[in-house]
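Morning, everyone. I have one structure to walk you through today. Let me put it on the screen.

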Amino acid sequence: MKINIALLDQEAGACQSFRFACPIETIDEHNTASWIEGNVEVEGKVCNTGACLALTGEIHAKANRVCHRCLKEFSAAIVTSFSENWQQADGDSEVIRYQGDELDISELVRESLVLAEPLKNLCSEMCRGLCPTCGADLNHAKCNCVRDEIDPRLAALQKLLEK
Ligand SMILES: [Zn+2]
Ligand SMILES: [Zn+2]
């Protein structure tokens, strides 16, 4: 995902839009975003502010996830955005984001996808999960296991009361 900024670089105030669609493998060599499947689409704008290049954009992708509660695989659409200011690499800058006329946003896109990932994925907010005793998927089946439907915090309290 490389943007040629040869023209943009010479004119403060100028903006340039960009659009990419490429398979996740091309920007994620080390498979650090393995849940992403298929094409990653990016649309955005880069503006020369005079002091830096301001990048903004939106990413669309598809994720293959596993539900934290029922372990079912499901796919979900991901939409996330980014906004960063990049400075031309000079002698004392710490992070070199671009050099010369080319801006490579592959890593920015990969990072944004990783950061957009929630800690817990649920197939639905209403997912009832699996029975901890027999493993039945409670979204589709009822089992005969006896379960305490008690909030674990209350359960601790109940134990104290029983003493
Ligand atoms: Zn689920
Ligand atoms: Zn059960």
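Start with the order of elements. From the N terminus, the chain reads β-β-β-β-β-β-β-α-α. That is seven strands and two helices. Keep in mind that this is a predicted model.

Some overall numbers. The chain has 163 residues, and 14% of them are buried. Now take the contacts between residues at least 6 apart in sequence: 58% of these join residues at least 24 apart.

Next, the strand pairing. Look at β2, residues 15-23, and β3, residues 36-48. They run antiparallel, and nine bridges join them. For a landmark, find Arg19: it stands opposite Glu43 in β3.

Now go to the other pairing of β3. Its partner here is β4, residues 53-66. The two strands are antiparallel again, with 10 bridges between them. Ile36 is a handy marker, standing opposite Ala63 in β4. What do β3 and β4 form together? They make a hairpin, with four residues between the strands. Check Gly50 in the turn: its phi is positive, at about 100 degrees.

There is also an open sheet to point out. Three strands build it, in the order β1-β7-β6, with antiparallel pairing. The edges are β1, residues 2-4, and β6, residues 98-99. Each of those edge strands pairs on one side only. Zoom in on β1 and β7. Strand β7 covers residues 102-104, and three bridges link it to β1 in the antiparallel sense. Within that pairing, Lys2 sits opposite Asp104 in β7.

On to the core. The largest nonpolar core holds 19 residues. Which members touch the most others? Those are Ile36, Val40, Ile59, Ala61, Val109 and Leu113. Three elements give two or more residues to this core: β3, β4 and α1, the helix at 106-115. The largest share is from β4, with five residues.

So we have met Ile36 twice: opposite Ala63 in the strand pairing, and among the core members with the most partners.

Last stop, Leu113. Leave out residues up to four places away in sequence, and what does Leu113 touch? The list is Ala33, Ile36, Ile59, Ala61, Ile78 and Thr80. Ile36, Ile59 and Ala61 also appear with Leu113 among the core members that touch the most others.

That's the tour. Questions, please.

Terms used. Residues are numbered from 1 along each chain as its sequence is written. Chains are lettered from A and ligands numbered from 1 in the order in which they are written. This is a predicted model: local features need pLDDT of at least 70, side-chain atom pairs count only at pLDDT 80 or more; totals for chains, interfaces and linings use all residues. Two strands pair if DSSP finds at least two bridges between them. A residue is buried if 20 or more other C-beta atoms lie within 10 Å of its own, exposed if 12 or fewer, and partly exposed in between; C-beta atoms are placed from the backbone. Two residues are in contact if their C-beta atoms, placed from the backbone, lie within 7 Å. A nonpolar core is a set of buried Ala, Val, Leu, Ile, Met, Phe, Trp, Tyr and Cys residues joined through C-beta atoms within 7 Å.
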